[in-house]
Amino acid sequence: MAYAAVISLKQIIERLLKSSCIPVVLNPSPRIIELLYEEVCSLQEVLKELDSSSHNDRIDRKRVNALDGQIRDALYEFEDVMESRVSNQFLSQSPDFHPLSFSLDLQEVQQDIDSFIENVKKMKKAYVEELHNPLPPEEDDRAASSEIDLGGNKSYMVGFYDLYQTVIYDVLYDDEIRTVSLYGAAGAGKTTLAKEICEDPSIFECRAFVTVGPKYQLKEILKCILAQVDPDCDKLLMEEDEELLSEYVYRSLNCWVLYLIVLDDVWDLQVWHELKRSFPDEEEESEGRFLVTTRSREVAESCFAGRAFEVPFLDKAESWNLLRQKMFPSPQLEEVGRKIAELEEVGRKIAENCEGLPLLIITIAKLLSKADKTLEYWTKVAEKKDSILSEANEQISEVLFPSYEYLPQHLKACFLYMGVVTQNYEIPLSKLIKWWSAEGFLERVQGRTSESIALEFLRELLSKNVVMVIPNESSDGGIKNYGLHSSFWYLSNREAGKNKFSYNLNTRADGLAEGIKGQRRLCIHNNILFGIKDVYNSIASTSTVCSLLCIGPHHPYPVPICLEYLRLLRVLDALTIRFYEFPVEVLNLVHLKYIAITFNGHIPTFISKLWNLECLIIRRNLSTVKSHGNSSYLPMEIWDLRKLEHLQITGSNLPKPREGSFLPNLLALLDASVQSCTKDVLVRIPNLQKLGIRIELPLENVDQEPFFCFDHISHLHELNTLKCVVVNPKITLSEIVAPIFPPSIFPSSLVKLTLSGLGYPWEEMSRISSLPNLRVLKLKCYAFRGPKWEVVGRFEFEALRILLIEDTDLVQWTVADDYHFRHLSCLSIKHCYKLEEIPANFGYRFRKIELVDCNPLLVTRVEKFRENWFELYEIYYRCFPLDLHVDSPYDDGNFKS
């Protein structure tokens, strides 16, 4: 974790060097900070070298990791010295000082800086020597295996039958395919499936199975292949160099008309490119097929002239079948059958707890087989009251660990951070991006936002199959949540604690354990722990903490948080803790970059002291309809937070700006009142990309105009996401409650638009349909009203991908021709009791329809629509199948077709 530490320190120094707010005074050598920065940047480049050397089979990872730990500790220690100095100087000022009048004197820590620079030079030298000083051959006994070992029994093909048949067909009969790749998470069954395919009697007589691994020796791989394709070869050949071995492999394979080579556990494309010269070309008489297994989707999809298949997790039924077959191999026996019947219900729950990972299921089965097969014990295991699941996760962590160990340096901290939440917690994408950004994991790149960098990192983690996408059941906005499989969550927590990266507290014992000492992040999964005196004192004494995440269930009563002791905090997420007033201790946490809290009352004017603040999220304890007029709990000083990027203020007005007020970095303003959207406000946040507006209609005098905000939105030329919600819509009125759209209400840059409760007539939809970049449109709670929507213009909704229509009185919806909605892929209709039919001319890109609590006639007609679509597009054009999800109270239950 030294890389995450060096990035963190680098950003701290950058803030000191580049800050226009805080002048730095350092006598007698002002350039010492620049020298410090140069050394830290140099150390970062040295640590990066591990990525390019990670597949060097001679590197001793244990020694490298030990050095990494020493560097990490030194970086954290020096970082704390610097941050403490800044904090102490801030707190020594008079209570009413303004941050812009503050200058930072680092003269007292110059000796620490000099010492650290010398230490960095020594650490860099030691690290480089370790990377470029490989172990002697006799010290490295790892070699690729040349045997196919199924443990004495053929593994059951539970959940793999269809994939097995598909791969067999491609290997045997598809002449256009030379390489088939299987990718998936560690323990998903890729190797088992590959071995079964390799041993299939219908496969060619000449075949070889070789395990590559993250660290490989090309010579050993060639020897393994040669030993299997030519078992009678001279043993002396095995001692030849790589060049000659490659030639022997080539000649041996060329003697066969057909052959299969299985490369198991491939981590890098380099081995594939190195081996290709050892295999006969396609023009030769010998014709080869290759089967590759890998944890990386990128590797799988990059193999030459091939197809890639994901090996998915098992579903609940398949998980139980695998567990049952491993536990009860002879179900035909009467006594065994009775035992299965007795334990099936609780056994299914045990299998479900394994979340579809075959390796975990098999390991659980082995542990269960050593214990009593009683209903009482199995119930304890199913309810996680026994340690067997933790024991199984610990056993398989040896298999999973390389997935973390060989991650690129910039991804390791991101992976560990996903384990700070409770098990099976779904992390919203928006929160994950803000957390990573505040923690400093996302190095700023010119011309790129934190969101784009975070999405790139997520794609890499997904490709390496250590992170999962959590399916979005609402189907109205694409991927929103991410998470970890429970086994990877266990691995993440173990490595995070070991590396002093983060520590989770769920019980009193956790709060008093030795493991809490020296941790950088504390994750409170049970907020009541703050109310236990000895746990409170233990947390307060952990002075190294830079992040406090209170992510347990919401606690209805206030609990004391030891904020005054955690002076180095950068991230404070306490949305699930109740405060009556804004906690004033926060104002002394000058390093804070992220605050998310729930409270009533006002924010003090001294919020401007938090000069590093990038994200401020405020929620209220009580949700009441306010009277119209000025209602703001934000002080004028909010405009002094120049680094602010994200501001979420539930229903509050932004105060009227002073002359010269400007928030150039603000990218997101969410849940703001309509009074905040004046021209005077919006021109001072010109780079805004996301805007969320809450409109409250007056309780009386309906003629008042609450929609003036629309007059100014079109001037936000960077805006890509807009959400406008009337929180108390007049849905019982027959007349329209919103005004006619002004000519240019929305900027052309808009990509995602959500409207709720506005009550516009459907005729005004043409103002939206012409937006050239609009991809997601959500219409909720009578956003538009009236019985008929006719789409008759030219090329309307050209870019739209996702459309949600929820709670409306729409009866008839027609689309004039096929040029409209040409790219629509997902349609979600909810609580539309009068709508009878959807347009019949949606295009071939259509992928999914969701109907929730809708007119039975609509359901029937959509099912017919799907049949027609199947005949036209799936069969004739070979398009992807169209999924139909129906959730209706008129049926016995949910169904999917």
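## Close-up views of a predicted model

**View 1. L263 and its cross-strand partner in β6.** L263 stands opposite V292 in β6. The model shown in these views is predicted. The strands around this pair, β5 and β6, run parallel and share seven bridges. β5 covers residues 258-266, while β6 takes in 287-294. On its other pairing, β5 runs parallel to β4, with six bridges between them. Look there for F209, whose bridge partner in β5 is V262. How much of β5 is buried? Eight of its nine residues are, so the strand is largely enclosed by the rest of the structure.

**View 2. The five-stranded parallel sheet.** Pull back from β5 and you get an open sheet of five strands, in the order β4-β5-β6-β3-β7, with parallel pairing. Which strands sit at the edges? They are β4 (206-211) and β7 (306-310), and each pairs on one side only. From one strand to the next, the twist averages 15 degrees. Over at the β7 edge, five bridges tie that strand to β3 (residues 179-183), and the two run parallel. One residue pair to pick out here is Y183 with E310, its bridge partner in β7.

**View 3. Helix α7 packed on the sheet.** Helix α7 (residues 218-229) packs on this sheet and touches β4 and β5, its direction making about 150 degrees with that of β4. A quick sanity check on the helix: at 1.5 Å a residue, its twelve residues should span 16 Å, and the end C-alpha atoms are 17 Å apart, which agrees. Is α7 mostly buried or exposed? Nine of its twelve residues are buried, so the rest of the structure largely encloses it. The buried set holds plenty to look at, including L218, I221, L222, I225, L226 and V229. E220, K223 and C224 are on the buried list too. What do these buried residues pack against? Their neighbours are β4, α8 (242-254), β5 and α9.

**View 4. Helix α9 across three strands.** Helix α9 (residues 269-276) lies across β3, β5 and β6. Relative to β5, α9 runs at about 155 degrees. This is also one of the elements that the buried residues of α7 pack against.

**View 5. E405 and its contacts.** E405 belongs to helix α15 (residues 388-405). Is this glutamate buried or exposed? E405 counts as buried, because its relative accessibility is 6% and the cut-off for buried is under 20%. Leaving out residues up to four places away in sequence, E405 touches R61, N65 and K412.

**View 6. M418 in its loop.** M418 lies in the loop between α16 (409-417) and β8. Its relative accessibility is 1%, so M418 counts as buried. Which residues does M418 touch, if you skip those up to four places away in sequence? They are I427, L432, W436, V467, Y482, G483 and L484. Take W436 from that list: M418 and W436 are 18 residues apart in sequence, and C-alpha to C-alpha they are 9.8 Å apart in space.

**View 7. The three-stranded antiparallel sheet.** Two of the M418 contacts, Y482 and I427, lead into this view. Here an open sheet of three strands has the order β8-β10-β9, with antiparallel pairing. β8 (427-428) and β9 (468-470) are the edge strands, each with a single partner strand, so one side of each has no neighbour in the sheet. Three bridges join β9 to β10 (residues 481-483), and these two run antiparallel. Y482 turns up again here, as the bridge partner of V469 in β10.

**View 8. Cysteines, and the chain as a whole.** How many disulfides are there? The count comes to zero, where a disulfide would need a pair of cysteine sulfur atoms within 2.5 Å. C354 is buried, with a relative accessible area of 2%. C414 also counts as buried, at 0% relative accessibility. For the wider setting, the protein chain holds 24 helices and 31 strands. Of its 897 residues, 54% count as buried. The chain's accessible surface comes to about 39600 Å², with 49% of that belonging to carbon and sulfur atoms. Among contacts in the chain with a separation of 6 or more, 65% are between residues 24 or more positions apart.

Definitions and conventions. Residues are numbered from 1 along each chain as its sequence is written. This is a predicted model: local features need pLDDT of at least 70, side-chain atom pairs count only at pLDDT 80 or more; totals for chains, interfaces and linings use all residues. Side-chain values use heavy atoms; hydrogens and water are left out. Helices (H or I, at least four residues) and strands (E, at least two) are DSSP runs, numbered from the N terminus. Buried means under 20% relative accessible area, exposed over 50%, partly exposed in between (1.4 Å probe, protein chains only). Contact means heavy atoms within 4.5 Å. Accessible areas come from the Shrake-Rupley method with a 1.4 Å probe; for residues, only the protein chains shown count as cover. Two strands pair if DSSP finds at least two bridges between them. Axes are lines fitted to C-alpha atoms, for helices over the stretch in contact, and angles run from 0 to 180 degrees between N-to-C directions. The expected span of a helix is 1.5 Å times one less than its number of residues.
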